[in-house]
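I opened the notebook to follow charged side chains and one further residue through this structure. The entries below are in the order in which I looked things up.

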Amino acid sequence: MPEFLPLEFERLDGGEQRRRAEEFRARLATRRSVRHFSAEPVPYGLIETAIRAAASAPSGANQQPWTFVVVGDAETKRRIRVAAEAEEKENYERRMPEEWLEALEPFGTDWRKPFLETAPWLIVVFRQDYGLCGDLKVKHYYVQESVGIATGFLLAGLHLAGLATLTHTPSPMGFLSEILERPKNEKALVVIPVGYPAAGAMVPAVGKKGMGEVAVVR
Ligand code: IYR
C-alpha cells in the first residue's frame with residue numbers, strides 16, 4: 001500500500017505572492033554565464049547547500065537519477081582542463097561545422113578553458129541512465145528531463161548565494177568518467193565552474209527574448 005502524508009503548504013496572500021514572484025524573477029534576471037573567474041576561495045558549505053537544493057528537484061518516479069561530483073583539488077582540475085581543451089581543440093578546429101562556429105561568434109569562445117583551473121570549484125553533473133543494485137540494473141525514467149530540472153535548481157541556488165557559474169559542455173565527456181572514476185551507469189552532462197568573477201570580468205552583449213516571444217496564452 002502506498003503511504004501518504006499531509007502536504008505542507010503555505011497559502012500566501014496575493015500581495016506576498018506577487019512580491020516573492022517578482023523578487024525571484026528580478027534576482028534570476030541578473031544571472032549571467034561567466035567565463036572569467038577569480039581564484040578567491042568559496043566555502044564548501046555554499047556548494048553543499050546549493051546541491052541540497054538541486055537534489056530536492058522533482059524526478060521521474062522520484063528516482064533522483066543524478067550525482068553531483070564536486071572538484072576542488074588543483075591537480076584534478078588541471079587534469080580536467082587538459083582533457084577538455086584537447087577535445088575542444090578538435091571541436092573548434094575540425095569537428096564543429098561553420099554554422100555552429102557562427103552561432104558561437106557573439107560569445108568569443110575558443111578551445112582554451114582556463115576557468116576549469118581558476119574557478120575554486122567545479123561541479124560535474126552526472127545522469128544515472130539506470131540504477132545499479134549490486135549487479136542488477138534498475139530502469140530509470142525521464143533521466144534527461146529530471147537532471148535538467150535539478151541542474152536548473154543548482155544554477156539558481158548558486159546564483160542566489162552570490163556565486164558566478166558557467167554551464168560548460170566539453171564534448172565528448174567520456175574523460176570525466178575516467179578522471180572522476182564514475183561507475184558505468186553514469187554519464188557526465190555538464191561541468192559547472194563556480195566561484196567569484198574575475199575583477200573587471202566582461203560578459204557578451206546578449207539579452208533574453210521578450211515575453212511575447214517566449215509565452216503564448218490561449
Ligand atoms: N562546448 C564548447 C562550445 C560551445 C557550445 C555552445 I551550444 C555554447 O553555448 C558555448 C560553447 C565550449 O565550451 O567552448
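Entry 1. I began with Asp129 and Arg127, whose side chains meet in a salt bridge with 2.5 Å from N to O; I note here that the model is a predicted one, and that the distance is a computed value. I then looked up how far each partner is open to the surroundings, and found Asp129 partly exposed at 29% relative accessibility, whereas Arg127, at 18%, counts as buried. Arg127 is placed in that class because buried means under 20% relative accessible area.

Entry 2. Next I asked how many salt bridges the rule gives for the model, and the count comes to 14. In general, side chains of opposite charge can pair when their charged atoms come close.

Entry 3. I turned to helix α1, which covers residues 14-29, and looked up the pair Arg25 and Glu22, whose side chains meet in a salt bridge at 2.7 Å, N to O. The two are three residues apart in this helix, so about one helical turn separates Arg25 from Glu22. Both ends of the bridge are partly exposed, Arg25 with a relative accessibility of 47% and Glu22 with a relative accessible area of 41%.

Entry 4. I also recorded a network of salt bridges, in which Glu16, Arg19 and Arg20 are linked.

Entry 5. In helix α2, residues 44-54, I found Arg52 and Glu48 lying four residues apart, which is about one turn of the helix. Arg52 forms a salt bridge with Glu48, and the closest N and O atoms of the pair are 2.6 Å apart. Here I wanted to know which class of accessibility each partner falls into: Arg52 is exposed, with a relative accessible area of 58%, while Glu48 counts as partly exposed at 29% relative accessibility. The class of Arg52 follows because exposed means over 50%.

Entry 6. Last, I left the charged pairs and looked up Thr165, which is found in strand β5, residues 164-165. Is Thr165 buried or exposed? Its relative accessibility is 3%, so Thr165 counts as buried. I then listed what Thr165 touches, leaving aside residues up to four places away in sequence, and noted Arg32, Ser33, Val34 and Phe37, then Leu155 and Leu158, and finally Ile192, Pro193 and Val194.

Terms used
Residues numbered from 1 in each chain as written. Predicted model: local features only at pLDDT ≥ 70, side-chain atom pairs only at ≥ 80, totals over all residues. Heavy atoms only, no water. Buried < 20%, exposed > 50% of the residue type's maximum accessible area, 1.4 Å probe, protein only. Contact = heavy atoms within 4.5 Å. Salt bridge = Lys/Arg side-chain N within 4 Å of Asp/Glu carboxyl O.
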